[in-house]
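Hi,

Here is the structure I promised to pass on. Have a look at it first, and then read my notes underneath.

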2 protein chains.
Amino acid sequence: MTTIKDVALRAGVAPSTVSYVLSGSRKISEETRQAVQTAIDELGYHPRASARSLRSTRTNVIALALPRVPGGYHRSVDGRFAIEICDAARRHDYDVLLMTDQHGVPGLRRIAGSGLADAAILMAVELEDPRVEAMREIGFPTALLGSPSGEVGLPWTDLDWEAAAALAVHEAAVAGHRRIAYLATTEHEILARRGYAVLGVAGARRAGDETGAQVTIHDSTSDMVRLDGRLRSLLTAPDAPTALVVQHVSALPHILAACTAAGRRIPEDLWVFAVGNLPDDMGGRELPRIELPISELADEVTRLAVQAIADHATQHTAREPAGHRRLSPVLLPPRAVS
Amino acid sequence: MTTIKDVALRAGVAPSTVSYVLSGSRKISEETRQAVQTAIDELGYHPRASARSLRSTRTNVIALALPRVPGGYHRSVDGRFAIEICDAARRHDYDVLLMTDQHGVPGLRRIAGSGLADAAILMAVELEDPRVEAMREIGFPTALLGSPSGEVGLPWTDLDWEAAAALAVHEAAVAGHRRIAYLATTEHEILARRGYAVLGVAGARRAGDETGAQVTIHDSTSDMVRLDGRLRSLLTAPDAPTALVVQHVSALPHILAACTAAGRRIPEDLWVFAVGNLPDDMGGRELPRIELPISELADEVTRLAVQAIADHATQHTAREPAGHRRLSPVLLPPRAVS
DNA sequence: TCGATTCGACGAAGCGATTCGACGAATCGA
DNA sequence: TCGATTCGTCGAATCGCTTCGTCGAATCGA
């Protein structure tokens with residue numbers, strides 16, 4: 001196990017000099033810098049993370065709270081987010097500590113208390129999310145992925161779902177449709193007050209008013225038999241819609257099949273637009289849509305977390321209370337893809 | 001920031017006594033144990049992880065190397081594994097540090113060198129995987145998820161894919177079928193020598209010999225148009241199979257649709273069996289299948305990692321070279337579900 | 001040429017835990 | 001009653017690094 005002393009010995013300098021070479025926080029002559037660097041490379045030296053963070057009270061680790069959906073059901077998008085956040089964090093020289101919601105607030109408290117991480121990122125934040133208030137109370141730097149309701153005092157980012165749904169409906173109107181059906185997310189998600197679910201419906205409603213088109217809003221369901229039923233009655237009604245905007249994207253293969261079964265060719269007879277990412281097995285079929293900007297969101301939430309760490313650090317140094325950096329949410333604008 | 005000194009002060013004991021209460025490594029009178037515990041609870045004390053691991057050279061962290069599939073494509077099962085491993089690790093009192101393959105072997109070397117983790121778990125290990133030899137050379141405790149080829153000197157676990165494919169074919173034979181088609185994973189995966197892909201084909205072939213049935217093996221493809229073509233020619237051939245065993249499960253919705261389009265009712269006209277987990281959007285439809293035992297595998301690979309840490313620790317204490325604990329792979333047996 | 005300034009490197013203190021040896025007090029056997 | 005154990009607790013050293021104050025040597029201005 002090579003230590004900073006070994007490096008210093010081999011380079012013929014003091015340990016502190018090695019440290020300064022590593023951190024760059026003091027001026028070092030090019031000559032000794034070279035000597036130290038050579039010793040480091042030859043020994044394959046890596047500073048011990050525990051010693052470093054014991055002394056500096058920074059771990060360069062961000063904790064990521066992954067949602068653990070009850071019932072073993074799992075949204076594949078969460079894994080993508082985790083990966084992208086991990087890479088984004090590395091770009092800021094941070095590592096990522098994974099934790100599932102299994103352990104909830106006590107788990108977060110444990111991480112914060114034991115100094116395992118410098119900040120937390122909470123994924124899949126809901127409108128009313130108990131974790132948010134908990135983190136603010138703990139006073140641990142935290143960034144949120146998802147839309148909380150109201151002024152929460154923590155930085156957050158999300159796709160602007162209200163604008164996304166509205167944009168989707170507007171696209172339908174622009175394409176010339178006057179009878180538009182908006183198939184929202186599942187009832188379950190709407191009842192659970194997930195931000196994307198509630199905001200999506202609101203956006204669709206607003207766009208309905210704005211366009212003057214006849215926009216009907218329908219909750220979806222994860223029960224495919226009932227979903228089929230709803231689609232059938234929707235499509236066989238006398239004033240059936242000519243455009244369908246689908247926010248419940250994971251059911252798209254099923255929905256398209258049902259529409260086809262009802263005698264609609266897509267997009268000739270029924271124009272379909274997706275609000276969200278297409279599932280993996282669309283079989284090469286494309287749809288006009290608004291994609292979830294996963295890597296942008298990951299970048300942004302990581303940036304917010306790193307920012308929160310910096311703010312937290314300066315808050316203790318600064319004279320005035322400060323801390324009133326603007327915490328305006330970072331809502332990413334939707335972009336349509338076709 | 002409360003430290004062990006604060007706790008000691010409040011409980012009226014020495015810091016070392018507090019430490020012994022926490023670790024239980026020395027006898028403490030019930031009376032003082034109580035006093036210390038009370039002080040801990042009242043102060044909400046958490047030992048500082050960095051100080052602890054600086055002294056003890058154990059971090060209680062396991063690094064998890066998540067595969068980052070090129071092209072942004074993403075297997076949702078990986079996220080499930082990450083979650084399950086995270087929970088399993090917590091049960092052993094370990095946290096999980098996430099790293100993507102983005103940073104590959106150098107990334108692993110960094111984690112090992114800087115003492116950020118006590119062990120690594122490598123996910124999605126392939127038959128010939130450069131990471132395996134690297135980890136053995138580094139001498140870092142490591143457990144593998146996936147089947148490497150040959151004797152690798154590192155503990156690993158996986159579903160017994162060869163047995164799984166064979167079992168699937170046997171099930172078809174038992175159900176009375178004499179013409180069985182085995183739709184393997186994609187050509188791409190087979191060429192990349194992924195364990196599950198190669199072993200699956202081998203198992204199907206073996207079962208073909210054993211049952212005496214006519215088993216034809218077909219590579220799949222992620223190009224759904226070409227896949228449709230292959231299925232059509234398969235089903236319209238004069239001696240079309242009456243049973244279809246599918247290992248390329250993510251394409252199942254598409255495959256079923258193609259079979260239906262070819263005039264087959266399932267399972268009356270065509271008996272279909274899946275080797276692997278059904279995708280999310282099967283629309284409530286069930287199939288007989290062999291499920292990937294995700295949580296069992298997660299438990300097992302975590303156990304192996306914890307074991308590897310223990311072995312590594314005793315190796316330095318033990319007199320004789322030892323270290324020759326049996327590293328027999330833990331192959332989980334397939335189980336059919338219907 | 002000499003005191004003042006700058007530059008670059010050094011030494012030592014300390015972060016917060018663990019752990020080993022030591023040490024009174026209580027208990028024991030003869 | 002007295003030396004030998006046992007029991008429960010304490011004190012001090014230590015892990016590897018960062019950081020602040022210090023201190024020669026080199027540079028500079030007059």
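Below is what I found where the protein meets the DNA.

Keep in mind that this is a predicted model.

Let's start with DNA strand D. It has 26 residues around it, and the nearest are I4(A), Y20(A), R26(A), R55(A) and T17(B). Of the strand D atoms that come within 4 Å of the protein, 52% belong to sugar and phosphate. The bases are contacted too: a polar side-chain atom of R55(B) sits 2.7 Å from a base oxygen, and a backbone N or O atom of A51(A) lies 3.5 Å from a base nitrogen. R52(A) goes for the backbone of the DNA instead, with a side-chain N or O atom 3.4 Å from a phosphate oxygen. Helices α2 (15-23) and α4 (49-56) of both chain A and chain B each give two or more residues to this surface, and α4(A) has the largest share with four. By class, there are 11 nonpolar, eight polar and seven charged residues near strand D.

Now for DNA strand C. Of the 26 residues around it, T17(A), I4(B), Y20(B), R26(B) and R55(B) come nearest. Sugar and phosphate make up 49% of the strand C atoms within 4 Å of the protein. Chain A side chains reach the bases here: an N or O atom of R55(A) is 3.0 Å from a base nitrogen, one of R26(A) is 3.1 Å from a base nitrogen, and one of S16(A) is 3.3 Å from a base oxygen. For this strand, the largest share of the surface, four residues, comes from α4(B).

Cheers

How values were computed:
Residues numbered from 1 in each chain as written. Chains lettered and ligands numbered in written order. Predicted model: local features only at pLDDT ≥ 70, side-chain atom pairs only at ≥ 80, totals over all residues. Heavy atoms only, no water. Near = heavy atom within 4 Å. Polar contact = N/O pair within 3.5 Å; in protein donor to acceptor, adjacent residues only side chain to side chain. Nonpolar A, V, L, I, M, F, W, Y, C, P; charged D, E, K, R; others polar.
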